[in-house]
Amino acid sequence: MDSDYRTPKKTYSLKVDKFVCNKFGIAEFFAANYEGMMVDSGAAVLDVGCGVGAMGVYLADQYGCRVAGVELNHSACICCRENILRYQLSGRMEVYWANITSYGALRPDAYYDMIVSNPPINDGVSAATIRQYVGCKYDALDASIYSYLTNSWHDERGLDLLEHIFMYAVGHLRDNGVVSIAFCEVDGASVESVSAKARRYGFSVIRTIAGTISSRSVGAESVSASAFGAYCMVFKRGGEHGNQNP
């Protein structure tokens, strides 16, 4: 099945399936605010947890970026490859079925102008839950595995994807490169909590773009709030806090 992904200049119809994200509210918020990301056209981009390719397709199609997508959900990788073909982006975008650690081992000499992600940010996951999914290959999903991968993923040490992104960026971000994190408050994430994790790895926020998205746009209709705070935060290695745009 297909799902619409709306950007300011173009609406995409992206291939999705039962156990992949078909709610693009955060990716649409990112696209609506991309001019604040400060990355030139044609940049080398790593999209971590790329899903079916929403942000990567947007960057490759509209800005000519060279995008590598990394995704642990095998079904999402299959959909992403179809979306790349659908929009004739094979020369500018590719997707790898991997986590960020195995991708780093696969391409040790890869460097990027921007690393972008809409990662699961959930600090309330129990150690027992994390242990339950250690070693899962994510090639055959059920509702429980999909929910954990999409909303709660941590490695066996208890580190989440956001921390892995900053660890990877230390060695693979070019001079003046940025890390751009898009997220909303539905899982309890905040500007303060994301900034704190970035600081652990030597990154400082240089821009924060804030707004709201509807609960429906991220598939959270069951939550009582009709809208959530949404953010795009841009980080650089070292430096002082820069321009904030609340």
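This report walks through a predicted model of a single chain, from its overall build to a handful of individual residues.

## Overall build

Let's start with the whole chain. Its secondary structure amounts to eight helices and 10 strands. The C-alpha trace spans about 45 × 40 × 40 Å along the principal axes of the chain. For 246 residues, a compact globule would have a radius of gyration near 18 Å, and the 17 Å of this chain agrees with that.

Contacts tell a story about sequence distance, too. Among those between residues at least 6 apart in sequence, 72% join residues at least 24 apart. Buried residues account for 53% of the 246 in the chain.

## Surface and charge

The accessible surface of the chain is about 11,000 Å², and carbon and sulfur atoms hold 48% of it. As for charge, there are 22 positive and 26 negative side chains. The centres of these two sets are 2 Å apart.

## Two nonpolar cores

In soluble globular proteins, nonpolar side chains tend to be buried together. Here, the largest nonpolar core has 48 residues, and the members that touch the most others are Y5, F30, Y34, L59 and M114. Helix α2, residues 54-63, supplies the largest share of this core, with seven residues. Apart from this core lies another one of 45 residues, including A98, I121, L149 and F183.

Y34 is a good place to look at the largest core in detail. Leaving out residues up to four places away in sequence, Y34 touches V39, Y58, L59, Y63, C65 and M114. Two of these partners, L59 and M114, also appear with Y34 among the core members that touch the most others.

## Helix α1 and its cover

How much of α1 is covered? The helix is mostly covered, with six of its eight residues buried. The buried residues are G25, I26, A27, F29, F30 and A31. F30 is also one of the core members with the most contacts to other members.

The cover over these buried residues comes from several elements. It includes helix α2 along with the strands β1 (2-6), β6 (112-117), β7 (173-184), β8 (203-214) and β9 (227-237).

## V16 and A76

V16 sits in the loop between β2 (11-15) and α1 (25-32). Is V16 buried or exposed? It counts as buried, because its relative accessibility is 0%, and the limit for buried is under 20%. Setting aside residues up to four places away in sequence, V16 touches M1, D2, S3, C21, N22, F24, V52 and C79. A further pairing worth viewing is V16 with E82: the two are 66 residues apart along the chain, and their C-alpha atoms are separated by 9.6 Å.

A76 belongs to helix α3, residues 74-86. With a relative accessible area of 2%, A76 is buried. Its contacts, not counting residues up to four places away in sequence, are V20, G51, V52 and E71. V52 is thus listed for A76 and also for V16. A76 and P120 are 44 residues apart in sequence, with 15 Å between their C-alpha atoms.

## G211 in strand β8

G211 is placed in strand β8, one of the elements that cover the buried residues of α1. At 26% relative accessibility, G211 counts as partly exposed. Its contacts, leaving aside neighbours within four places in sequence, are F29, F228, G229 and A230. F29 is one of the buried residues of α1. By contrast with these contacts, R107 is 36 Å from G211, C-alpha to C-alpha, and 104 residues away in sequence.

## Two positive phi values

Most residues other than glycine have a negative phi. Two residues here are worth a look with that in mind.

Y138 has a phi near 60 degrees, a positive value in a residue other than glycine. Y138 lies in the loop between α5 (127-133) and α6 (143-151), and is buried, with a relative accessible area of 3%. N176 also has a positive phi, near 70 degrees. N176 is found in strand β7. Is N176 buried or exposed? N176 is exposed, because its relative accessible area is 66%, and exposed means over 50%.

How values were computed. Residues are numbered from 1 along each chain as its sequence is written. This is a predicted model: local features need pLDDT of at least 70, side-chain atom pairs count only at pLDDT 80 or more; totals for chains, interfaces and linings use all residues. Side-chain values use heavy atoms; hydrogens and water are left out. Helices (H or I, at least four residues) and strands (E, at least two) are DSSP runs, numbered from the N terminus. The radius of gyration is taken over C-alpha atoms; the globule rule is 2.2 Å times the number of residues to the power 0.38. Buried means under 20% relative accessible area, exposed over 50%, partly exposed in between (1.4 Å probe, protein chains only). Contact means heavy atoms within 4.5 Å. Accessible areas come from the Shrake-Rupley method with a 1.4 Å probe; for residues, only the protein chains shown count as cover. Lys and Arg count as positive and Asp and Glu as negative; His and the chain ends are not counted. The place of a charge is taken as NZ of Lys, CZ of Arg, CG of Asp or CD of Glu. A nonpolar core is a set of buried Ala, Val, Leu, Ile, Met, Phe, Trp, Tyr and Cys residues joined through side-chain atoms within 4.5 Å.
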